[in-house]
Structures are given as C-alpha cells and as structure tokens.
Amino acid sequence: MDNLTRQAIRWEALWLRFQPRTPMGQRAKRSLSPFMPGEETEWQACLVEQEHLLEAFRRDPEWMSRMEIHLSKTPDPTQTVRMLESGEIPKASDWFRIKSFLWHGWHLCSMVRNEIPGFRLKREASEWKRVLSLLNPDPPLSPNFFLSSAYDSRLKERREQVEKENRWVRKAEEQAVLDVERDFPIQQNGDGEWVVDRRSPHFLDMKNDSRVQLVRETPFDGVFCPVETEVLKAARMRREEANTDLEAVEHDVFQQLAETFRPYIPFLRDAILDLATLDVQWARVKMAESYNGTRPKWEAESYRIQGGIHPLVAESLKEKERTFTPVDINIHRGVTVIIGPNMGGKTVVLTTVGLVVALGQFGFLVPARSCSMPLVSWMTAAIGDAQNIREGLSTFGAEVRRIVEAIKRDSTGLLLLDEPGRGTNPVEGAALSAAMTNDLAKRPFWTLQVTHFREVLQGTEVTVYRVAGLEGIDRFQDREDEDWEKALEQAMDYRLLPWSGESIPQDALVIARLLGLPSSILQDAWKRIGNGG
C-alpha cells in the first residue's frame, strides 16, 4: 500500500490501536510486513494462533489479566545481551533487567504453553526456568536480582566488614555531636546543622570552637555543622577500604556471571524473539476482539466477504445513533462494479473492502462475519481527491496516473477505483471509464470499481452489484423534512444486491430534494430526463 491508499482506507487511525505492550513488541510492530503470495501456510498458522489466543482471552478473564500484567512489566534485555556479546561485564541494573525479563517470560511461556500447546515459540518454559535459576541461587524464584552470598562466600565476609565499619562511622558521628551538645544547649535540625541566634551568648563561643564550623550566616542567626574529627576520619577511611574490597568481590562475581551467561546468548536471542512474537500476537488479538474479528481463509481466485465492517466508520455512526450496514460481496478476477445513488455508501464499501483485505494480509483477524481471500503483492486505491498540486495534476490526472501505475505491474493485486472518469467532462469520462473497465476485465488482478456511468456496464464482462437504494421512493418526492439526514438514513437501504440487468434507480433528484434544492429546479430537472414532474 502506498500512502494515498493508507489514507483512503483510514489505515493509520486503526494502526494506532494496535499497541504491543513490550519494547520488543513495539520494535516488531515497526518492522511488521504483510504476508505475501507463497506464504499462505505461515499466514494461516499466524491466524490460527490468534484464534486460540482469542478463545483463551474470552474463556478466562483472569488468564487474560495475568497476560496483560506480565507483558506490561517485561523489560527489554537487548542492550545487556549486546554487552555480553561484546565481552563487557553487565552491572547490577543490567542483571536486574535480564532477571525481570526471564521471570515474566517464564510465566508468559508457561501460560501460553498450557493453553495453546502448538503456539510457535522457539524455547520451552523449562529452558526459561533453567536460565532464570542461574540468577536465583537462593530459592524461591523471584523477579528481583540480588548478589546472594551463594555466588561467592567472600560476599558475606565483605558485607559484614562494611556493616561493621558503618557502625563505627555512625558511632563517631554521634559522639562528635554529643560532645558539642554537652557544652552548648542546642540540638541539630533534620539537616544535621545547628541554627544559633546571633544574640545568643553562645554564638561567639561556637564561632571560636574548633569542633564546629560556621557554614553560613544571616543578620539574625548563624548555621554551624560538626568538624570531622580524627576518629571519624579514620572510621570513614576504613569504611571506604571495606567498600572497595566488597566492590572487587562483586566485580569478580559479575564477571563470573557474564562468563556463565555467554553460552546462553542464543537462548536469550530466541527468547527476545519469542516475547516479541507473543506480544505482537496478543496485541493483534486485543484489537480484533474490539471488532469481533474472524480468521480470513485462503482462496486463490476470489475475495469473499460476508458481514464486513469498517470499525472506524461503524463507531462514528454509532455516535450518531446510526448503524453500519455490513458489506456482503464477492470479488472475482477481472472487474467487479458497484452502482447506485449518491450517498448510498458505495465509497464506504471500497474503504471497508480495502481495510478488511489490508488487515488480513498483515496477519490480523478481520472485521467480518466470514472472509476468504488470496494473498496479493499490492493494493492500490484511487478514492477521493488525490490531485497533486505540486506536480500540476488535476483530480482527473492524478486518478489516471494511479491507474496507469497499477496496470504496469506484472504481479497480481487489488485495485479499488472510486468513480474513474468523474473528474473530466461526462462524455469523455464515460467513454474512458468504459474503456478502462474493458481493459481491466482482461487483466489477471482484481478490480473493485464504483461508477455512475451506464456505459461501464455495456459490452464488458463484469460482476455488478447495486446499492438497494431508496425504499418507497415515491413517498419522498414532496417531503419537506428539515432533518434531511435522518430522513435519508431512514429511506436508504445500503445493502449490496447482485445486479441482474434491471434499470438503474435514479435517486439523485429525490436526494437533492431531501437536501433542500428548490422545487423549481427539481421540476425542470425531471422534465429534462423525461419523467414529467
């Protein structure tokens, strides 16, 4: 699909609703490509997985909630894996990321394997657990990472020494404060400072006391803090040495962990891909559940859509307390034509078919009651006004260019045309539209075309559908409703019906009447087409 096709079927708006939960899934979304001809087996396998996920989703809401929680909390270990590959030694925060990834991945893999045994994952839950255990030497398994003494007996000894020196430092700090407060009737604040009023008889004495120092002064008071004693200096130096010894042991442990994990780099790579795959599939199912999606099946020669909807259009109509009329259509190789009145929903049919087909080829369950379709190499839509002002192309010129680009392609695809030829004068437009239809009918790809030109239906083998149109049209001839939109909605039957050669309904003047066009103009128009009036 090119950008104009995406815009025409409102692809990007729906694509934004497809939201994988993990960073790996988000990356996979950005690189997601449609299934292409020759990939039918992989395509169906992907869709069957989603069917199973959707069944589990609906069968057990608690299972669904747990899936959501684990996916939303799974971090991305990719950078840490790269560090291992390059020979670097990951830090504690990196190992925490790896362990959290393994913890949530183990649970996700176990949940999916239990519910959907055939789900395509490269690694089994038992492998996840085994690698997770390397970062969890003390049972039970948990998502938190800590350098347990079980990794190296020296860790316990060094930590005890650090704590011992911490106690000496705290004792020396407390003694220095007690010595000052024994001689002066003051107490430290929460910031470890003494605030002394300048008028206090102790202010000058404290300024001259070697155990404290004045750190700042205002016109009203002075702020003092303790001076580091020799005892405190020695205690802090011993603590620093103890911390240095502990860090050296921790570095040894981190280095040993890196060496232990390097053989598992292939597992971690596969695990990242597994989680990305699962996340993308889950996000597909979450979106499909919102429109009650169904699996599109493969069929080589035809698109068969029953009960197709465009979710965004359906939601917009629902806000107006209106309903979307589902699309039932079969599109065979060659040309399928839709005829019917203006405002009869023909363009909506084009965009609905385009969206259903695009979702199907991108491996989504589709918004339809049932669907079968081929896989094709391209889809192009010429819907709406695609004129290119910068290149000086009119609406007609831009439309012709897009059709030319489609015709030039050797591979098979789907072409969606909205009233080709409408952008030029009616005589030439009708002739050109009929000629293009005749040519497209002989080509090996599929064309779905909307038209108002009778000439398109003459002399060419095409499949034709008509919009059912206005029901009881006569009763709307003299209607004076101000709420024309409601009247039109009530009157219009948007269903597609196979056309069997009957006369094409002429509803344009009735619609114009409902829209408020003066009766004098309408009467003149009726006379000109020979219907009296």
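# A tour of the helices, loops and cores

Select Pro 140, which is found in the loop between helix 8 and helix 9 (153–183). Helices (H or I, at least four residues) and strands (E, at least two) are DSSP runs, numbered from the N terminus. The peptide bond from Pro 139 to Pro 140 is cis, with omega near 0°.

Some ground rules before the next stop. This is a predicted model, in which local features need pLDDT of at least 70 and side-chain atom pairs count only at pLDDT 80 or more, while totals for chains, interfaces and linings use all residues. Residues are numbered from 1 along each chain as its sequence is written, and side-chain values use heavy atoms, with hydrogens and water left out.

**The whole protein**

Show the full chain as a cartoon. The protein has 19 helices and 13 strands. Of its 533 residues, 46% count as buried; buried means under 20% relative accessible area, exposed means over 50%, and partly exposed lies in between (1.4 Å probe, protein chains only). Take the contacts (heavy atoms within 4.5 Å) between residues at least 6 apart in sequence: 73% of them join residues at least 24 apart.

**Two loop residues with positive phi**

Select Arg 10, in the loop between helix 1 (3–9) and helix 2 (11–15). Arg 10 is not a glycine, yet has a positive phi of about 65°. Is Arg 10 buried or partly exposed? Its relative accessibility is 38%, so Arg 10 counts as partly exposed.

Next select Glu 321, in the loop between helix 13 (311–319) and strand 6 (327–332). Glu 321 comes just after helix 13 and takes a positive phi of about 60°. Glu 321 is exposed, with a relative accessible area of 76%. Step back into helix 13 itself, where Pro 311, Leu 312, Val 313, Ala 314 and Leu 317 are buried. The cover over these buried residues includes helix 2 and helix 14 (346–361).

**Helix 4 and helix 5**

Select residues 40–59 for helix 4 and residues 61–73 for helix 5; their axes come within 5 Å and cross at roughly 115°. Axes are lines fitted to C-alpha atoms, for helices over the stretch in contact, and angles run from 0 to 180 degrees between N-to-C directions. Angles under 35 degrees count as roughly parallel, over 145 as roughly antiparallel, 65 to 115 as roughly perpendicular and the rest as oblique. Helix 4 and helix 5 are therefore roughly perpendicular to each other. Leu 53, Ala 56, Phe 57 and Arg 59 of helix 4 make the contact with Pro 61, Trp 63 and Met 64 of helix 5. By class, these residues are six nonpolar, no polar and one charged. Here Ala, Val, Leu, Ile, Met, Phe, Trp, Tyr, Cys and Pro count as nonpolar, Asp, Glu, Lys and Arg as charged, and the others, Gly among them, as polar.

**Helix 7 and its partners**

Move to helix 7 (residues 92–115) and add helix 11 (residues 230–261); they pack at an angle of about 40°, with their axes 11 Å apart. The two helices are therefore oblique to each other. Which residues of helix 7 meet helix 11? Ala 92, Trp 95, Ile 98 and Leu 102 meet Phe 254, Leu 257, Ala 258 and Phe 261 in helix 11. This contact of helix 7 with helix 11 has eight nonpolar, no polar and no charged residues.

Now swap helix 11 for helix 8 (residues 125–133), whose axis comes within 9 Å of that of helix 7 and crosses it at roughly 155°. That makes helix 7 roughly antiparallel to helix 8. In helix 7, Lys 99, Phe 101 and Trp 106 are among the residues that meet helix 8, where the partners include Trp 128 and Leu 132. This contact divides into nine nonpolar, two polar and two charged residues.

**The cores**

Select Leu 102 again, then Ile 329 and Val 353: these have the most contacts inside the largest nonpolar core, which has 123 residues. A nonpolar core is a set of buried Ala, Val, Leu, Ile, Met, Phe, Trp, Tyr and Cys residues joined through side-chain atoms within 4.5 Å. Helix 12 (residues 265–290) gives the largest share of this core, 14 residues. Apart from this core lies another, of ten residues, among them Phe 184, Trp 194, Val 196 and Phe 203. Return to Val 353: leaving aside neighbours within four places in sequence, Val 353 is in contact with Ile 305, Ile 329, Ile 331, Leu 414, Leu 416 and Leu 448.

**Last stop**

Select Trp 446, in strand 11 (residues 446–450). Trp 446 is buried, with a relative accessible area of 1%. Add His 332, which is 114 residues from Trp 446 in sequence and 6.5 Å away in space, C-alpha to C-alpha.
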